[in-house]
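Q: I would like a close look at the way one pair of helices packs together. Could you then walk me through the surroundings?

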Amino acid sequence: MTLQFDSGTDLPGQEIGTVNEAESTQSGAKVSRDERKTVGGITHPDPRMSCRDVNVWYGDKHAIIDVSLDIGKNEVIAMIGPSGCGKSTFLRCLNRMNDTIDGCRVTGDLVMDGQNIYDRKMDVVLLRAQVGMVFQKPNPFPKSIFENVAYGPRIHGLAASKTDIEEIVVSSLQRAGLWDEVKDYLEEPGTGLSGGQQQRLCIARAIAVNPEVVLMDEPCSALDPIATAKIEEWIDELREHYTIAIVTHSMQQAARVSQRTAYFHLGDLIEVGETDQIFTNPTHQLTEDYITGRFG
Amino acid sequence: MNEMTDGHTVKSYDEEMKLLHDNVMQIGGLVRDQLCRAVKSLEEEDVDEARAVIDRDQEVNDLDIKVDDEVIHLIAKRQPLAKDLREILTVNKIVTDLERVGDEARKIAMLCVHFYDHNTTSPSEVIVRDMAKLSVFIDDMLEKAIRAYDETNIDLAIDVIRMDLELESEFRSCLRRLSTFIMEDSRVVGHVVETVLGLRALERIGGHAKNIGGYVIFLVKGMDVRHESLDDIVDELTAEA
């Protein structure tokens, strides 16, 4: 499954600015540390993952600053914010994707099912099966459509027989809403599909290993509106099976698919709340300014 | 420009929001003028002026449609959120109420035509006197409501909602006074009934001003205070602060 994480997306370290100074400027206005304290409820009554006091550094750059946030079972949580705010970095902490970046250091507690995922005893390969990821740019393996989906269950030993594998492949493609379009072409290369189909193939591949959480890093940014609508429909349908954390630059997408929204700004978690509240009447001025297009 | 309309990264968005704001102010000014002219025509028994008010109502209707188009355009083009969304929804509602204020002013102008045209018997001056007095109070409400929107001023909005309670009380007093005219001389019943309809039009304008006050609270605080008592609104605002 390690291939799955070779995303081809920009490394977060390349987009993060230095934010560990006491004050920063945005639109010419000084924003002090006190003004960047999190508002809203960081807790969830039924958390799947619990993050407390998470800090991330890329070398000397302090990319995530004391972020605490629960990610609830069967919820879709959207993470929004301007480029370089740390939302993708935080997302990547949730399945230790940042381990692959030189000079990246993570501190704090990130707990799933009672276990700190940054514990030395944690099996990272298993963690990434439990916490799957879908990237901005579709990245199917250079294999057939069938093999793209079958690869994960096979290496994780989730299927005892060829029939089991076939069942997993079919059900995963069905859940990803791709089955009807590819059922007669399963031996064709996955890279021959359209962009939207490739992204749904990547989703099928991620859910084939039966994850508890699916992380999505701008999954629709390279897709047309129809392909985007299909992914969003999938997110809505599969919420009952999975916990989904999605990073998106589209405010409308965040409003459509999520139940809670978290707004990040220069490495701080500024505001968390019900999506309806965030997009109609946010509490924090920085959230208001960002979602109304006054900076960012 | 004000804090609700300016500051967008895309400057044309600011301009579109400002245009929307300016159009509300234009309709507001227009319907206030219509109200004043309609009541004055009644006081001065000026049928020509009343007919001008009736004709000019089309101008209000045209502006109403224009603002509706701008709202649709803004929603489709900008997909507004948070205070932009509240501003646009508020404008949509305010303009609807202002257009109805224009309709009520037209009704008052039509009353003037009905009373003083066609060589019919005109009503006694005392019967219509309350309308002129009440219209001053109503215009004050309307002016405050429009200013509350312009300045996003919650205190003014609360004041307008409070004034609506006074208006209800004054309206009932007017009805009582009118009923005494019928008791004294039943031949005036026709004029009294029509004057009641004129008073009712004024009272409705006060209701529209109160609605605008409520929209301003929604605009600034995101709280929907329609169908709530003044005390509850004040309590909610105090708790929120």
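Are α2(B) and α3(B) roughly parallel or roughly antiparallel to each other?

A: A word on the model before the helices. It is predicted, so local features need pLDDT of at least 70 and side-chain atom pairs count only at pLDDT 80 or more, while totals for chains, interfaces and linings use all residues. Residues are numbered from 1 along each chain as its sequence is written, and chains are lettered from A and ligands numbered from 1 in the order in which they are written.

Now to your pair. The axes of helix α2 (residues 47–78) and helix α3 (residues 82–116) of chain B come within 9 Å and cross at roughly 165°. Helices here are DSSP runs of H or I of at least four residues, numbered from the N terminus; axes are lines fitted to C-alpha atoms over the stretch in contact, with angles from 0 to 180 degrees between N-to-C directions. The two helices, α2(B) and α3(B), are therefore roughly antiparallel to each other, a label for angles over 145 degrees. Their crossing is left-handed, meaning that the near helix is turned anticlockwise from the far one by less than a right angle. The contact of α2(B) with α3(B) holds 18 nonpolar, 3 polar and 6 charged residues. In this count Ala, Val, Leu, Ile, Met, Phe, Trp, Tyr, Cys and Pro are nonpolar, Asp, Glu, Lys and Arg are charged, and the others, Gly among them, are polar.

Chain B has another such pair. Helix α1 (residues 11–43) and helix α4 (residues 125–151) of chain B have axes that come within 10 Å and cross at roughly 170°. That makes α1(B) roughly antiparallel to α4(B). Residues making the contact include L35(B) and V39(B) of α1(B) and L142(B) and I146(B) of α4(B); contact means C-beta atoms, placed from the backbone, within 7 Å. By class, the residues of this contact are 12 nonpolar, 2 polar and 5 charged.

What about the wider setting? The largest nonpolar core has 144 residues, and M79(A) and A245(A) have the most contacts inside it. Such a core joins buried Ala, Val, Leu, Ile, Met, Phe, Trp, Tyr and Cys residues through C-beta atoms within 7 Å, and buried means 20 or more other C-beta atoms within 10 Å of a residue's own. Your helix α3(B) gives the most to this core, with 14 residues.

Finally, 12 residues of chain A are in contact with 12 residues of chain B. On the chain A side, α8 (251–257), α9 (275–280) and α10 (285–291) each give two or more residues.

Methods
Two residues are in contact if their C-beta atoms, placed from the backbone, lie within 7 Å. Angles under 35 degrees count as roughly parallel, over 145 as roughly antiparallel, 65 to 115 as roughly perpendicular and the rest as oblique. A residue is buried if 20 or more other C-beta atoms lie within 10 Å of its own, exposed if 12 or fewer, and partly exposed in between; C-beta atoms are placed from the backbone.
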